[in-house]
Amino acid sequence: MSPYIVALIVTNNRLALLKEAVFAVKIQQYPLLNIIVVNNGSTDGTEAWLNEQQGLLVIHQENSGGSGGFYTGIKKAAELNADWVWVMDDDTICFPDTLSNLVKKTSLPKKPVGFIGSKCIWTDRSPHLMNIPEIKPAFNTKIPFNFYDEQDILLVENSSFVSLLINIATIRAVGLPYREFFIWGDDQEYTRRITKAGFLGLYCKDSIALHKTPVNYAPDFYRDIPANLWKHKYGFRNEFFMVKKNRGFAYYFIWLLFKVSYTSFKLLSIRTQNRFQFISVLLGSAWASLFFNPKITRVL
């Protein structure tokens with residue numbers, strides 16, 4: 001019996017891209033149980049357009065960042081009793097066989113699969129720098145990362161939310177992503193939580209998704225423009241929280257002092273402009289992380 005799959009697209013003020021993303025999902029070779037679109041408070045006409053569409057399950061909510069959108073959509077997918085949820089942002093443009101190529105691989109390993117992600121490319125077809133999964137020599141320190149090489153899949157520690165197929169049974173076991181993250185780090189924390197729980201994380205090079213960002217960009221705090229500082233504010237806070245959660249407060253506190261000092265000195269040596277504006281954001285995130293303690297929400 002073929003698994004029931006729900007697609008999830010999270011959008012905010014990118015109507016032209018959303019139209020492309022929805023069209024690409026609707027023409028998938030693999031039949032979908034439903035298509036959920038979470039509209040994060042868009043003000044560019046997205047709400048009106050979505051309300052006119054057929055075949056979509058639309059949720060409008062205040063802008064809670066990508067994290068809040070994925071939290072809401074994944075929770076809804078679990079309530080629909082789907083077997084898997086296929087998640088992406090509104091700038092993810094899939095090919096007709098993107099999902100079917102993922103599904104083919106989910107039944108190959110004998111161990112439970114938590115998630116499987118696509119190969120994400122940019123508009124020039126080079127690998128997208130924001131969506132490179134983390135691979136270690138031995139998955140969870142136990143299984144060689146290329147154990148399933150003959151099936152054309154690799155074991156990964158974590159992955160991004162760009163064309164990622166997540167097992168609903170896994171979601172019931174580990175809970176939902178943190179909606180409080182707002183942006184950056186939510187996908188890394190969540191997929192790492194899944195693999196740490198013992199479920200396999202997979203990368204499928206045969207499944208390809210176009211991540212249609214303006215540039216092939218990976219966050220670089222030392223060379224970024226001031227307009228992106230608000231993203232780094234959340235990124236640092238979330239990173240610091242993950243260290244606190246995974247390593248304990250004593251380790252986190254000492255590590256935090258070193259991290260902030262090292263990052264500040266490195267920034268001063270690289271940047272020539274806006275240096276103290278950037279350091280201020282770093283210090284603010286470190287302070288915020290002391291009191292940032294979101295809790296995991298469970299689904300039945």
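Me: How many helices and strands does the chain have?
Reply: Happy to start there. This is a predicted model, in which local features need pLDDT of at least 70, side-chain atom pairs count only at pLDDT 80 or more, and totals for chains, interfaces and linings use all residues. Residues are numbered from 1 along each chain as its sequence is written, and side-chain values use heavy atoms, with hydrogens and water left out. Helices (H or I, at least four residues) and strands (E, at least two) are DSSP runs numbered from the N terminus, and the chain has nine helices and 11 strands.

Me: What radius of gyration does the chain have, and what would a compact globule with 300 residues have?
Reply: The radius is taken over C-alpha atoms, and the globule rule is 2.2 Å times the number of residues to the power 0.38. The C-alpha atoms fill a box of roughly 55 × 50 × 40 Å along the principal axes. For 300 residues the rule gives a value near 19 Å, and the chain agrees with 19 Å.

Me: What percentage of the 300 residues count as buried?
Reply: Buried means under 20% relative accessible area, exposed over 50%, and partly exposed in between, using a 1.4 Å probe and protein chains only. The chain exposes about 14,100 Å², with 57% of that supplied by carbon and sulfur atoms (Shrake-Rupley method, 1.4 Å probe; for residues, only the protein chains shown count as cover). Among the 300 residues, the buried share is 52%.

Me: What share of the contacts with a separation of 6 or more comes from residues 24 or more positions apart?
Reply: A contact here means heavy atoms within 4.5 Å. Counting the contacts in the chain with a separation of 6 or more, residues 24 or more positions apart account for 76%.

Me: Which strands pair with β10, in line with what is known of β4 and β6?
Reply: Two strands pair if DSSP finds at least two bridges between them. Strand β10 covers residues 164-167, and both its faces are covered, with Leu-164 and Ile-166 buried on one side and Leu-165 and Asn-167 buried on the other. Trp-84 stands opposite Asn-167, while Phe-115 has Ile-166 as its bridge partner. The antiparallel pairings of β10 include four bridges with β4 (residues 84-89) and three bridges with β6 (residues 113-121).

Me: How many bridges join β6 to β11?
Reply: Strand β11 (residues 200-211) is mostly covered, as nine of its 12 residues are buried. One pair to look for is Phe-115, which stands opposite Gly-201 in β11. Strands β6 and β11 run parallel, and the number of bridges joining them is eight.

Me: Which residue of β11 stands opposite Cys-94?
Reply: Strand β5 (residues 92-94) runs antiparallel to β11, and three bridges join the two. Opposite Cys-94 in β11 you will find Ala-209.

Me: Which residue in β11 is the bridge partner of Leu-155?
Reply: Leu-155 lies in strand β9 (residues 153-155), which is joined to β11 by three bridges and runs antiparallel to β11. Leu-155 counts as buried because its relative accessibility is 1%. Not counting residues up to four places away in sequence, Leu-155 touches a set of residues including Ile-135, Phe-139, Tyr-148 and Leu-200. The bridge partner of Leu-155 in β11 is Leu-202.

Me: Is Thr-11 buried or exposed?
Reply: Thr-11 is found in strand β1 (residues 5-11). Its C-alpha atom is 6.3 Å from that of Asp-89, although the two are 78 residues apart in sequence. Beyond four places in sequence, Thr-11 touches residues including Leu-18, Val-37, Asn-39 and Asp-90. At 1% relative accessibility, Thr-11 counts as buried.

Me: What is the phi of Asn-140?
Reply: Most residues other than glycine have a negative phi. Asn-140 sits in the loop between β7 (138-139) and β8 (143-144), and counts as buried because its relative accessibility is 18%. Its phi has a positive value, near 50 degrees.

Me: Where is Phe-182?
Reply: Phe-182 is a residue other than glycine with a positive phi, near 70 degrees. Its place is in the loop between α5 (168-174) and α6 (186-196).
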